[in-house]
Number of protein chains: 2
Amino acid sequence: MSEKAQPTYAKKLRLVVIGGVAGGASAAARARRLSEDAEIIVIERGPDVSFANCGLPYHIGGEIQDRGKLALQTPATLKSMLRLDVRNLTEALDIDREAHTVRIRNVETGVEEDLAYDKLILSPGASPLTPPLPGIELPGIYTLRNLQDMDQIKEAAAEARHVAIIGAGFIGLEMAEQLIHLGKEVALVELVDQVLPQMDKDMVQAVEEDLREHGVELILGDGIDGFEKMSDGLRAKLKSGQKLETDMVILSIGVRPENALAKAAGLELGARGHIVANAWMQTTDPDIYAVGDASQTTDPILGGPTAIALGGPANRQGRTAADHIFLGDKAQPYPGSIGTSIVRVFDVAAGVTGFTEKRLRQAGVDFGKTVVSDFDHASYYPGATHLTLKILWDKADGRLLGGQAFGANGVDKRLDVLATAIKGKLTVEELEHLELAYAPPFGSAKDPVNIAGFSANNIRSGFVQPVYSLAESPANAQVVDVRPPEMVALKAIPGAINIPYPQLRDRLGELDPARPVVTICALGKTSYFAARVLAQRGFDAFAHVGGAKVEPSVQQ
Amino acid sequence: MSEKAQPTYAKKLRLVVIGGVAGGASAAARARRLSEDAEIIVIERGPDVSFANCGLPYHIGGEIQDRGKLALQTPATLKSMLRLDVRNLTEALDIDREAHTVRIRNVETGVEEDLAYDKLILSPGASPLTPPLPGIELPGIYTLRNLQDMDQIKEAAAEARHVAIIGAGFIGLEMAEQLIHLGKEVALVELVDQVLPQMDKDMVQAVEEDLREHGVELILGDGIDGFEKMSDGLRAKLKSGQKLETDMVILSIGVRPENALAKAAGLELGARGHIVANAWMQTTDPDIYAVGDASQTTDPILGGPTAIALGGPANRQGRTAADHIFLGDKAQPYPGSIGTSIVRVFDVAAGVTGFTEKRLRQAGVDFGKTVVSDFDHASYYPGATHLTLKILWDKADGRLLGGQAFGANGVDKRLDVLATAIKGKLTVEELEHLELAYAPPFGSAKDPVNIAGFSANNIRSGFVQPVYSLAESPANAQVVDVRPPEMVALKAIPGAINIPYPQLRDRLGELDPARPVVTICALGKTSYFAARVLAQRGFDAFAHVGGAKVEPSVQQ
Ligand SMILES: Cc1cc2nc3c(=O)[nH]c(=O)nc-3n(C[C@H](O)[C@H](O)[C@H](O)COP(=O)(O)OP(=O)(O)OC[C@H]3O[C@@H](n4cnc5c(N)ncnc54)[C@H](O)[C@@H]3O)c2cc1C
Ligand SMILES: Cc1cc2nc3c(=O)[nH]c(=O)nc-3n(C[C@H](O)[C@H](O)[C@H](O)COP(=O)(O)OP(=O)(O)OC[C@H]3O[C@@H](n4cnc5c(N)ncnc54)[C@H](O)[C@@H]3O)c2cc1C
Ligand SMILES: CC(C)(COP(=O)(O)OP(=O)(O)OC[C@H]1O[C@@H](n2cnc3c(N)ncnc32)[C@H](O)[C@@H]1OP(=O)(O)O)[C@@H](O)C(=O)NCCC(=O)NCCS
Ligand SMILES: CC(C)(COP(=O)(O)OP(=O)(O)OC[C@H]1O[C@@H](n2cnc3c(N)ncnc32)[C@H](O)[C@@H]1OP(=O)(O)O)[C@@H](O)C(=O)NCCC(=O)NCCS
């Protein structure tokens with residue numbers, strides 16, 4: 001019945017796994033399915049294994065009421081289900097590669113011992129950055145990584161009126177949302193001049209708006225400089241000189257790989273300190289594997305090293321390491337991570353897959369881009385909401401290099417489609433004809449992903465000349481706002497004259513044929529239609545891509 | 001700024017489009033963007049153009065209150081926006097290919113005229129099947145294709161107590177749902193022994209259950225034989241002899257391509273009467289294009305002809321035809337349709353992309369398959385619901401050939417991911433590592449699509465021997481139900497002995513090592529774990545794939 005003969009992989013070996021959560025527990029679980037006879041020992045410093053890191057903010061905010069739900073497995077269940085020898089509250093101190101032993105210490109008793117291994121998997125994760133600033137050791141300053149951190153924050157938050165969150169990445173935003181749900185006053189400080197630095201600035205404005213609407217005080221383009229104790233609470237000093245009085249601080253400014261063991265053992269580290277691993281997650285010592293947040297793999301889009309600190313990669317890398325230990329080169333290699341990620345902030349979700357504009361610029365890639373907005377499902381069916389999608393492609397061959405999205409609904413779906421398209425090495429031409437599921441509650445006959453493909457190809461083929469912000473308009477251009485006058489009345493576009501699109505063909509005489517024209521509308525669709533009319537009537541016509549929705553001079 | 005020089009496509013030609021809805025209106029709209037100077041005439045028999053066919057059931061059921069929302073465009077808006085010459089209430093009677101003219105008739109005045117064309121696009125759609133049964137012409141028997149049909153059904157339904165729907169495809173199910181919402185008694189009759197014949201039987205049981213739970217009387221494996229008038233209402237006679245007394249009948253047993261014009265003009269038709277079109281949607285006459293439900297293109301998965309009657313393909317084929325008329329061979333060819341479709345029925349959504357098991361069997365393909373169930377998003381985050389996914393692959397190379405899904409949430413997302421994976425010619429191995437967006441409200445660290453990939457590869461590599469239904473168990477097998485006893489108490493699996501998975505390793509002695517063992521659980525996960533334990537202990541072990549959730553002997 002099986003497609004191939006059933007092999008026996010059982011090997012009597014001792015596998016030691018350091019770190020018992022996402023990557024480590026996944027590796028150990030898969031290892032057991034590969035071999036009933038292997039001795040599998042999991043070493044975990046903390047009291048908990050297999051917990052849902054990603055759920056921590058939601059217990060603090062009360063959305064996940066039952067703390068127990070976050071412990072997906074316990075040492076006891078891992079024993080009964082998988083016969084794993086889980087040693088929690090045990091720290092790995094040192095690896096002796098020569099002797100094939102790990103020195104471990106029971107953190108309660110302090111007792112140390114040497115544990116022999118045949119194969120070793122490192123999944124120590126990454127620890128929150130805590131820069132050596134004045135006052136960083138003061139009580140009331142927290143980071144969030146595990147259940148204990150969570151408990152402390154939850155307890156402190158119960159007493160606090162005001163919370164300052166430093167760092168507006170995914171975790172910072174989740175915490176901001178949850179603390180607002182708890183009725184706290186929240187200030188969110190971010191060094192760069194936007195939230196979600198993982199995304200491009202034009203794609204996070206809706207998130208910023210939503211945060212502000214829900215009462216979060218956003219302090220962008222300003223960093224933390226130190227902390228002071230006050231009689232009651234803390235004072236956070238920012239680089240700008242601004243001072244924030246608060247009851248507690250949550251630091252979420254990023255993580256650093258836990259590389260101490262690997263470093264001391266002489267394993268190769270990458271430029272940012274991650275443990276270098278090959279496609280089977282093997283380090284430079286073939287008996288030692290490194291997976292998860294602490295490891296570095298290859299970027300499958302442009303090549304080169306990449307380190308992505310996310311749950312999915314950690315889980316699947318752990319599985320790959322186990323496979324390679326028991327299957328050898330018959331194991332499927334890990335294909336690298338592209339960094340698909342998403343966050344919900346109140347009524348908006350936003351996320352990214354693959355490369356952003358920022359990162360492509362850094363990489364020196366000659367890329368094209370478009371931004372489109374359309375409904376998440378058929379506009380005529382109740383509940384349709386706007387979704388905005390940005391895609392980036394390689395100008396040389398049209399290959400999709402990255403996507404970003406925000407909106408109330410359907411953001412995850414479009415990111416997943418784009419992530420799959422990247423995996424399939426699809427070009428933006430091929431996005432045009434993706435045949436996505438359509439019935440009125442779920443989509444549209446032309447999905448936003450198709451529309452993004454159309455728009456990309458209209459740009460790529462020279463069918464329309466794009467302008468991405470009015471500031472970048474060609475010299476001496478006349479800007480024509482083709483929206484209906486009612487819309488213009490609500491929010492005018494600085495420097496534009498209004499000729500509603502349906503009247504355009506009859507009012508060409510109002511435009512100077514000797515000057516370029518830039519058309520702009522609400523979402524980038526009608527501006528494109530208008531530019532097509534103008535181009536065919538001899539104008540040097542440009543269409544604003546994405547419309548007022550993403551135009552900086554309108555958004556600010 | 002553009003990637004290529006901006007070409008001028010403007011051609012002074014006369015384009016005539018027959019059919020003014022999905023394919024036709026899309027073709028005409030794109031044609032205008034390609035050429036301001038072309039004369040574009042749209043001929044539509046009915047009063048409406050550009051309406052939302054797919055929304056019709058939801059206006060009947062009252063979900064879409066405003067009828068006007070279904071008219072996406074009108075002749076007037078198409079004129080003001082796109083300068084289209086839309087002639088509604090005008091029927092095309094005949095094509096003179098030699099003379100390049102179409103004979104048209106105003107259906108109100110009866111006046112006929114010959115309309116010259118340079119290029120002709122046919123998008124006449126498909127009409128609902130109305131088999132020549134006794135009584136088929138009786139009042140009270142309806143089909144649903146356009147706004148007029150909708151109005152009639154809505155009016156009749158207001159008076160009806162009982163409605164019989166014949167045909168349980170997508171439209172039949174949507175109508176059943178909407179009529180139940182209106183408080184009607186509904187009987188749903190389907191010739192084959194399952195609803196949604198477009199899907200495999202194992203993947204529609206949840207839909208059938210949901211229909212029954214909401215009060216729909218399901219009559220499966222029985223066809224319609226004729227109708228009789230009663231003093232009050234109608235009697236529908238079924239092939240089995242059963243008689244259904246009802247107030248009205250909705251026939252939704254499929255559609256046939258409107259090929260009369262094409263046939264009379266001598267254009268090549270396919271085996272099922274569709275108009276044969278090449279990759280640019282050109283018929284066997286290079287000046288005539290055919291798109292949408294009436295046309296036939298190439299199946300991109302296995303090759304060979306395919307005709308898919310869905311809104312997305314119609315829209316995009318219309319666009320392709322326009323492109324080819326104005327851009328010639330520089331136009332992107334249409335890549336063929338794979339038939340991604342979805343329906344919501346009360347609390348469940350179900351859908352399919354690519355090939356089903358049924359169709360692969362017909363095509364004689366040697367395929368593998370798996371069915372997995374998991375949560376639509378992180379189990380620990382509120383609102384997680386089960387989702388079931390089936391994938392099918394080519395045994396020769398592991399290439400994904402099709403997918404099906406059902407569940408309360410996230411069905412559309414997984415179908416879209418699988419549709420994109422098919423487009424990218426991904427193998428099931430590659431599904432393992434799709435990097436999909438994960439935060440607790442949206443997904444899991446291992447998405448159900450990843451899990452399907454894992455399971456597929458566990459089967460493909462011979463790591464586990466699959467059994468797809470207990471009836472197909474190997475001869476003399478002992479069936480072991482590894483679920484917890486509490487679950488077994490709720491619904492036992494016929495003929496199985498219960499050894500809960502955590503006890504299995506200690507109770508191997510209860511099994512006969514000389515006989516094969518089939519393990520089964522609720523969803524197919526623990527049975528796999530158990531089979532791995534048994535296989536390594538020398539048993540000829542098989543895991544039931546998909547679990548009790550899809551096992552016929554449990555479901556019936
Ligand atoms: C608050 C929060 C929210 C998150 N949200 C998301 C999300 O929505 N989506 C997403 O994809 N990812 C999210 N992540 C990231 C995700 O949790 C990580 O990428 C993932 O857990 C990494 O797995 P890992 O195995 O590498 O490390 P971890 O899961 O952190 O596990 C490492 C373990 O190793 C132990 N350890 C380290 N050194 C030693 C030692 N010397 N001896 C013994 N034990 C040791 C640590 O105690 C730790 O428990 C979130 C993380 C946090 C903290
Ligand atoms: C109730 C219903 C629900 C649906 N739900 C979905 C769904 O959820 N998802 C999905 O993808 N698809 C759905 N569809 C299918 C989708 O609407 C069709 O696939 C699509 O409309 C086909 O486009 P078309 O241009 O080929 O034909 P149509 O949209 O049917 O347009 C053809 C037009 O041509 C006109 N015509 C025909 N012959 C002549 C002639 N000789 N002269 C003049 N005019 C002529 C007809 O009057 C008709 O208006 C649904 C269809 C219906 C009826
Ligand atoms: C829970 C944990 C120990 C993993 O254990 P696991 O057994 O590998 O993972 P799952 O429970 O998801 O099960 C996956 C296995 O079951 C199989 N499976 C799952 N559903 C199945 C189904 N319906 N049918 C058949 N097989 C199925 C998969 O193929 C896979 O087996 P394989 O790896 O041998 O192919 C580990 O993921 C963990 O500790 N997670 C919590 C921490 C974490 O991930 N944090 C970050 C995110 S919050
Ligand atoms: C409405 C209808 C006339 C189509 O008109 P259309 O102008 O081609 O389609 P849309 O309104 O979706 O707009 C798509 C165009 O706008 C462009 N566009 C859309 N949003 C855009 C954005 N945000 N930025 C830039 N361009 C955008 C697309 O690229 C496309 O142009 P192109 O084809 O020249 O590349 C036709 O689809 C129709 O009649 N639909 C109703 C019937 C039907 O589809 N039934 C079945 C489903 S219910």
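**Two chains, one crossing and one axis**

In this predicted model, helix α1 of chain A (residues 22-34) and helix α15 of chain B (residues 525-536) have axes that come within 8 Å and cross at roughly 45 degrees. That angle falls neither under 35 degrees nor in the 65 to 115 range, so α1(A) and α15(B) are oblique to each other. On the α1(A) side, the contact is made by A:Arg30, A:Arg32, A:Arg33 and A:Leu34. Facing them from α15(B) are B:Tyr528, B:Phe529, B:Arg532 and B:Gln536. Sorted by character, the residues of this contact come out as 3 nonpolar, 1 polar and 4 charged.

Next, the way the chains relate to one another. Two copies of a chain are related by a rotation about an axis plus a shift along it. Here, a turn of 180 degrees and a shift of 0.0 Å along the axis lay chain A on chain B with an RMSD of 0.0 Å. That is what a two-fold axis does. Both copies use the same surface, and 100% of the contact residues of chain A turn up again in chain B. As for the axis itself, A:Gly424 is the residue of chain A that comes closest to it, with its C-alpha at 2.1 Å.

Lastly, a look at one arginine inside chain A. A:Arg460 sits in helix α12, which covers residues 448-460 of chain A. With a relative accessible area of 13%, A:Arg460 is under the 20% cut-off and so counts as buried. A polar atom of the A:Arg460 side chain lies 3.3 Å from the backbone oxygen of A:Lys395.

Conventions: Residues numbered from 1 in each chain as written. Chains lettered and ligands numbered in written order. Predicted model: local features only at pLDDT ≥ 70, side-chain atom pairs only at ≥ 80, totals over all residues. Heavy atoms only, no water. Axes fitted to C-alpha atoms, helices over the stretch in contact; angles between N-to-C directions. Helix = DSSP H or I, 4+ residues; strand = E, 2+ residues; numbered from the N terminus. Parallel < 35°, antiparallel > 145°, perpendicular 65-115°, else oblique. Contact = heavy atoms within 4.5 Å. Nonpolar A, V, L, I, M, F, W, Y, C, P; charged D, E, K, R; others polar. Least-squares fit on C-alpha atoms with pLDDT ≥ 70 in both. Buried < 20%, exposed > 50% of the residue type's maximum accessible area, 1.4 Å probe, protein only. Polar contact = N/O pair within 3.5 Å; in protein donor to acceptor, adjacent residues only side chain to side chain.
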